[in-house]
Amino acid sequence: MNAPAIDQAALARVKAAHPGLWFKGAYFAAIVARLELVESPECETMAVDGKHLFYAPAFVMAQSESKLIGTLAHEADHIGRGHLWRIGGRDLKESNIAADLAINADLIRLGFDLPDGALIDWQYHGMSFEEIYAARQQAQRKQDQAQQNASGAQGGQSGGDSGQGGQSGETGE
């Protein structure tokens, strides 16, 4: 079985963006220089595992050079901040969101251009990944509790007919 063909144009764009990191910050460029580039159409944008930089050719081709450089810095910073090794038993998706929120505001302040849709919330600026994760988990618990309280209040107003109580939560959620 033959290996799938590599999208040479996307690979060339990733390689061409790397020198742009040297002008923005050697810290990021040095991290990216150590990573093996791996085309990954399953990946939506880019990702790292500490040894590899996975990239989606469609994403790479759709970005301006400055946004591609910003994305490389973003992925390098996941490694530089040790996010990959600090997740522990936390939810992977929520951990990635918290890590992105810890990184992106800093990158914007450093003058990097990030892709459209990058997660930026200035209320978390200056907080660690762990602090952001905990704050988001606490906010989610409060929201869940408020929804439970609202559902309970609606159920309590049903006139006390025990035969109807089970239907109060059927709102299409």
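# Close-up views of a predicted model

In this chain, 56% of the contacts with a separation of 6 or more are accounted for by residues 24 or more positions apart. The structure shown is a predicted model, and the legends below go through it view by view.

**View 1. The chain as a whole has 7 helices and 3 strands.** Read along the sequence, these elements follow the pattern α-α-β-β-β-α-α-α-α-α. The chain has 173 residues, of which 34% count as buried. Its accessible surface comes to about 10,400 Å², and carbon and sulfur atoms hold 51% of that area.

**View 2. The largest nonpolar core has 27 residues.** Leu21, Met46, Val60 and Leu72 are the residues with the most contacts inside this core. At least two residues of the core come from each of the helices α1 (8–24), α2 (26–33), α3, α4 and α6 (92–109), and the strands β2 (46–48) and β3 (52–55) likewise supply at least two each. Helix α4 gives the most to this core, with 6 residues. Apart from it lies another core, of 10 residues, which includes Ala98, Phe129, Ile132 and Tyr133.

**View 3. Val60 is shown with the residues that it touches.** When residues up to four places away in sequence are not counted, Val60 touches Ala10, Arg13, Val14, Met46, Tyr55 and Leu68. Val60 and Met46 are also both among the residues with the most contacts inside the largest nonpolar core.

**View 4. Gln63 lies in the loop between α3 (57–62) and α4 (65–80).** Is this loop residue buried or exposed? Gln63 counts as buried because its relative accessibility is 14%, and the cut-off for buried is under 20%. Leaving aside neighbours within four places in sequence, Gln63 is in contact with Arg13, Leu68 and Pro115. Two of these names, Arg13 and Leu68, also appear among the residues that Val60 touches.

**View 5. Ring pairs link Tyr27, Phe28 and Phe112 into a cluster.** A search of the whole structure finds 3 aromatic pairs. In one of the pairs, the rings of Tyr27 and Phe28 have their centres 4.8 Å apart and their planes at 75 degrees, so this pair is edge-to-face. Tyr27 counts as partly exposed, at 41% relative accessibility, whereas Phe28 counts as buried, at 6%. The rings of Phe28 and Phe112 also form an edge-to-face pair, because their planes stand at 85 degrees, with the centres 5.2 Å apart. This pair links distant parts of the chain, since Phe28 belongs to helix α2 while Phe112 lies in the loop between α6 and α7 (129–156), 84 residues apart. Phe112 counts as buried, with a relative accessibility of 4%.

**View 6. Charged side chains are shown with the rings of Phe112 and Tyr133.** The charged end of Lys24 sits over the ring of Phe112, at 5.1 Å from its centre. Phe112 is thus shown here again after View 5, where ring pairs link it with Tyr27 and Phe28. In the other case, Arg90 lies over the face of Tyr133, and the distance from the ring centre is 5.5 Å. Tyr133 is also one of the residues of the core of 10 residues in View 2.

Key: Residues numbered from 1 in each chain as written. Predicted model: local features only at pLDDT ≥ 70, side-chain atom pairs only at ≥ 80, totals over all residues. Heavy atoms only, no water. Helix = DSSP H or I, 4+ residues; strand = E, 2+ residues; numbered from the N terminus. Buried < 20%, exposed > 50% of the residue type's maximum accessible area, 1.4 Å probe, protein only. Contact = heavy atoms within 4.5 Å. Areas by Shrake-Rupley, 256 points an atom, 1.4 Å probe, with all protein chains shown as cover. Core = buried A, V, L, I, M, F, W, Y, C linked by side-chain atoms within 4.5 Å. Phe/Tyr/Trp six-rings, centres within 6.5 Å; stacked < 30°, edge-to-face > 60°. Lys NZ or Arg CZ within 6 Å of the ring centre and 35° of its normal.
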